[in-house]
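Please open the model in a viewer and keep the selection panel at hand. The stops below proceed one selection at a time.

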Amino acid sequence: MPVCCIVASVILVSIIALQYPLSSSFPIGGDAPYYIIVSKEILAGLSAPQTALHSILVSWYPLFNILFTTTALLPLSWADRFIWSMAAGHIVTALSLGWLLYRLSGWRAASAGIVFWSLTIVSITPHVESGTVAQLWSLAFFFLFLERWFSGSFYGTLSLFILTLLTHFLAGIVAVTAIICSVPLLMIASRQSNLLIAQKRIILLLKTLLALIGILGLYVMTKRFYIFSSLHHLYGTFDVRDLFYSHFGPLLLLAVVGVVYLAGRREVNGYRLSIILGTLTATSLLALNGQLGAGVLAGRFKSYFIGITVLLAAYAFPRLIRTLAPSRSVRILITVLMMTVLWVPLWHYNKPVYAFYESPSRYARLHPDEFEALQWLEKTDSKPLFIMATTTNRHTEWIPALTKHRFAPVTTNDPLFQMTDEKLSEYVRSRHYAYIVFFKHREGIYPSFTERPDLFPVVFENRGSIIFSAL
Amino acid sequence: MNQRLLASSLLFLALIASFGSPVPSWAILVIWGVGILLLAWTYQLQWLLLAYAALISSVFILPIARFAFIPMPLRLALVLVVGGSILTGLNIMVLKRSPWLKS
């Protein structure tokens, strides 16, 4: 029975997660090409390790960049690898949440948690689209960090904390805030003699970590305060009431029941209760900081709050059903009915969401015409060249990701758009541009290129793109 | 035990109703509120639950850091320090009432 339930839950979450790669073409530019470019730099750096090391060191998500680079072993295109890594991220996150719940409360809660995670995949967390894949994977490490912390594993807690921090810096901030909010509670719990020695060692470790963070904080406040002045660029909002107006609403109600069960029953010891309450406090404050008047990355912090909400709801669900229905067969019936009521509409709901993004009239995907042009560029020359394109559309961001060439971005204010004939030709060649690309769905073609086919012959054209040669 | 069963029934009713409700209607929230209060009562946590509820409600009424003259980083610090202190205080009270710690 436990194995069947867990397997069924994993199948359900996998079906929802796989809807994305099976329903989507390539996402539009932005962070998706960025991740691919970094991975290509890392791979290129295998012959020159300093380049690879530099790409990793300057990244905000070094561990994810390394993990994503390993997908080069798969026989897929980089864009496909990226889309499948989003789906894999959701499945891995659901599994690590399930593992955490299994260790906290058993297979029933684990199974519920895995299914509940599928509710968050579209429109609840921001991880339906490309840019947040590193943060999605950081959730998996964050749950594993909590599991090691719950279990009282000294080295496991320390190593998972570092891995969480390296996967995404926001996950590191959440983990540190959770430690800060948990330590006062853990100090009270540690007065109890029935705390394990390993758990007491972890509390000592956390106190040391907090002291180091305090010293670092004082240094930044006194010597590097300018870092904070850049925070206004990170404005983001999240209104928790929006969740009530979504299919996630019932889980919010259930999560509160989970808190009452945790606090009132004897199943969870004071050590674990301290960690859960501290983590709940930290994730709530960070996610709601916009609602409280600050607004620093609230939209991004909400993922961790939603993760903890799912944890609490999954903890409450089997207990609530058990109280109501002592008969096992009735419990199974209720659970199957409820999961069906939750899951099937979700599956249907996702379809028009993906269809909306895929519609050719919308500017939300790299459409086949643009992709065809990029494939032509990739195949046309064996050595890297400079490809000129304007920054007026986001399709151009894919040039360095999907081709071996270098992207030479120009704005519409560039002097070349004031030039004609030979002067334009000289200017283009002086900058070593090999090809000039226009993606016609989003921009007009500068007439000076079309008027002189002798200077700029058209080497590729379809409905959505045109490429001029300047060689 | 009857109180716990009644609380669970109300919570389950609210949960089922919330599946089909596009908006959180007052009726659902009232049923859920009574259910959660009854459940907390069975564990002697009703006053702490009300304290949490008052605190959460105040988020919508008194945004503690919504003052334009305070720079954003300090507003975040204010949220974390003030909000964190109040919530940690309540968490300590919950922990001290925990049956595990009482034993």
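At the first stop, select A:Glu397, a residue that is partly exposed, with a relative accessible area of 27%. The model under examination is a predicted one. Add A:Arg394 to the selection: the two residues form a salt bridge in which the closest N and O atoms are 3.7 Å apart. A:Arg394 is itself partly exposed, at 35% relative accessibility.

**Further charged pairs**

Next, select A:Arg365 and A:Glu358. Their side chains meet in a salt bridge, with 2.8 Å from N to O. The two partners differ in their surroundings: A:Arg365 is buried, with a relative accessible area of 0%, whereas A:Glu358 counts as partly exposed at 22%.

Move on to A:Arg452 and A:Asp454. Here too the side chains meet in a salt bridge, at 2.8 Å from N to O. A:Arg452 counts as buried, at 18% relative accessibility, because the cut-off for that class is under 20%. A:Asp454, by contrast, counts as exposed, at 53%. Extend the selection to A:Asp421 and A:Glu422, and a network of salt bridges appears that links these two residues with A:Arg452 and A:Asp454.

How many salt bridges does a search of the whole structure find over all chains? The total is 11. Side chains of opposite charge can pair when their charged atoms come close.

**The boundary between the chains**

Now display chain A and chain B in separate colours and select the residues on either side of their boundary. On the chain A side, 56 residues are in contact with 50 residues of chain B. The area buried between chain A and chain B is about 4800 Å², and carbon and sulfur atoms give 80% of it. Highlight A:Leu253, A:Val260 and A:Leu292 within this selection: together they supply 13% of the area that chain A buries against chain B, more than any other three residues.

To see which elements take part, colour chain A by secondary structure. The elements that give two or more residues to the side touching chain B are helix 9 (169-189), helix 12 (241-244), helix 13 (249-264), helix 14 (270-287), helix 15 (298-324) and helix 16 (328-358) of chain A. By class, that side of chain A has 36 nonpolar, 16 polar and 4 charged residues.

Which polar links cross this boundary? The count of salt bridges between chain A and chain B is 0. The count of residue pairs in polar contact between the two chains is 2, with both residues at pLDDT 80 or more.

**Helix 13 and the loop after it**

Select helix 13 of chain A. This helix has 16 residues and reaches 24 Å from its first C-alpha to its last, close to the 22 Å expected at 1.5 Å a residue. Helix 13 is mostly covered, with 14 of its 16 residues buried.

Then step to A:Asn269, which lies in the loop between helix 13 and helix 14 of chain A. Is A:Asn269 buried or partly exposed? It is partly exposed, with a relative accessible area of 21%. Leaving aside residues up to four places away in sequence, A:Asn269 touches A:Gln199 and B:Trp100. Within its own stretch of chain, the side chain of A:Asn269 reaches the backbone nitrogen of A:Tyr271 at 3.2 Å. For a distance across chain A, add A:Gly156: its C-alpha atom is separated from that of A:Asn269 by 20 Å, and the two residues are 113 residues apart along the chain.

**Chain B on its own**

Hide chain A and look at chain B. Chain B has 5 helices and 0 strands, and from the N terminus on its elements run α-α-α-α-α. Of the 103 residues in chain B, buried residues make up 40%. Among contacts in chain B between residues at least 6 apart in sequence, 53% join residues at least 24 apart.

**Last stop: A:Tyr20**

Show chain A again and select A:Tyr20, whose place is in helix 1 (residues 2-23) of chain A. A:Tyr20 is buried, with a relative accessible area of 3%. To end the tour, draw a C-alpha to C-alpha distance from A:Tyr20 to A:Arg201: these residues are 181 residues apart in sequence and 43 Å apart in space.

Definitions and conventions. Residues numbered from 1 in each chain as written. Chains lettered and ligands numbered in written order. Predicted model: local features only at pLDDT ≥ 70, side-chain atom pairs only at ≥ 80, totals over all residues. Heavy atoms only, no water. Salt bridge = Lys/Arg side-chain N within 4 Å of Asp/Glu carboxyl O. Buried < 20%, exposed > 50% of the residue type's maximum accessible area, 1.4 Å probe, protein only. Contact = heavy atoms within 4.5 Å. Buried area = accessible area lost by both parts, 1.4 Å probe. Polar contact = N/O pair within 3.5 Å; in protein donor to acceptor, adjacent residues only side chain to side chain. Helix = DSSP H or I, 4+ residues; strand = E, 2+ residues; numbered from the N terminus. Nonpolar A, V, L, I, M, F, W, Y, C, P; charged D, E, K, R; others polar. Expected span 1.5 Å × (residues − 1).
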